[in-house]
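Student: Please take a close look at a single part of this model, and then set that part in the context of the whole.

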Amino acid sequence: MEITKLDLIKKYNVPAPRYTSYPTVPLWADDLNERGWMSMVKKAYADFGEQEGITLYIHLPYCESLCTYCGCNKRITKNHAVETPYITSIMNEWSAYLKVLDTKPKLAGIHLGGGTPTFFSPQSLKEMLDFILETSRLMPEAEFSFEGHPNNTTREHLQTLFDLGFRRVSYGIQDFNLEVQKTIHRIQPFERVKEATEVAREIGYDSVNFDLIYGLPHQNLETIKDTFDKVSFLKPDRIAFYSYAHLPTAFPAQKSFEQFLPNEAEKRRLYEAGKETLQSMGYLEIGMDHFALPKDPLNLAKENKTLHRNFMGYTTSPSKILIGLGNSSISDVYYAYAQNTKEIDLYKEQISLEHLAISKGHVMSQEDLQNRNLILQLICNQEAQWDFCFYSKLGKMNWDKLRTFKEEGLIEFDHTGIKMKKEGMPFIRNVCMTFDQRMQEKESQKFGFSKAI
């Protein structure tokens, strides 16, 4: 019997990583202390730093109100006195890295994330960024971007950051329907988003990104169409169209609207309708959840097969070194990963004691590096090459999965590599799981199976 698209959706509707890293954070070995981490940072910069530079991710966790859908690490407060001590901690953490590198490091980019980066005043952000820029050297093509809340991203924010070199802003829109906005406690009128977008373009920003979510409470095909009609009017350069992740155990505020969530079939229809609308508007699919206009650098990087993926998602930066500053931020220096403690007060305390705030880490094995390379190739280029050694080591369970994917018309593969078919793109994360050795080892330990690869 011929398998239908709906059959495939039901079959592969299972939890799957986004693979912004491999191994994924829950499967890290946690085998790295502060001294070992700094050694890895120094080695990575010696190997890649002068040529590729460092990308900085700065986590700014404060928000004035709680968006009940949100799964980010944040703290809700209206007390802006928290800004100065937190900014001081960020600068002290960066100083610790400067001591280890023993040089003015090259920067390939800076991204401000959160929380709500525009919770912080333009003056606070300038103080922090001035210090980082004064102690660094910029790569010729360095890219600076930040996440902004349309309700509190002021002209002064936009101008101050522009003057410091920022050229890309990402606005968290989620949905334009008022009932949806009220339910998720994220009320931002279309006129406010329009103003924030137009001011950014007036000042000179090269790229405006919108984050949208499907699967939110009260969403239906009509509300999605209305949202995309408004998006079409503003025509952002990039769009991230994410699936809502319902995790009420971890984020109790999500329990408040459980009864209003679309079911899985309805949620899939929302995605298909959104994707079809985006493509009719001229956007091209970059990869998982991401779309861009044809002339956007992200799409050009995909065409040139230079697209990269890290904890911030898809990027055009080739840098292998991502340093995360701030509580909960994650760093990736190719040879190892590290994550700072999520607790803000503990983060500030550890930094004040001249320690890094690392709470978890992972040293990459050769197998990790090989599997990461293959998974990232698939996610960025929709195809990947492998050598005969890797090909011959695939276990029976993996072969069976790959053959099934091929029979279902989702992939092609042979002894030289694997390629996603257009029909297989919605299931690319399921295919990547075939090469997730760490996940398979965990399942093997749980059920007493032998290794799959």
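Tutor: A contact here means heavy atoms within 4.5 Å. The model is a predicted one, in which local features need pLDDT of at least 70 and side-chain atom pairs count only at pLDDT 80 or more, while totals for chains, interfaces and linings use all residues. Residues are numbered from 1 along each chain as its sequence is written, and side-chain values use heavy atoms, with hydrogens and water left out.

The part chosen is strand β13, which spans residues 321-325; strands are DSSP runs of E with at least two residues, and helices are runs of H or I with at least four, numbered from the N terminus. Five of the five residues of β13 are buried, so the strand is largely enclosed by the rest of the structure, where buried means under 20% relative accessible area (1.4 Å probe, protein chains only). Ile321, Ile323 and Leu325 cover one side, and Leu322 and Gly324 the other. Strand β1 (residues 54-60) pairs with β13 in the parallel sense over five bridges, pairing being assigned if DSSP finds at least two bridges between two strands; within this pair, Gly324 is the bridge partner of Tyr57.

Elsewhere, Asn430 lies in helix α15 (residues 428-432) and counts as buried because its relative accessibility is 10%. Leaving aside residues up to four places away in sequence, Asn430 touches Tyr12, Val14 and Phe405.

As for the whole, the protein has 16 helices and 19 strands, and 55% of its 453 residues count as buried. Of the contacts with a separation of 6 or more, 73% join residues 24 or more positions apart.

Conventions: Buried means under 20% relative accessible area, exposed over 50%, partly exposed in between (1.4 Å probe, protein chains only).
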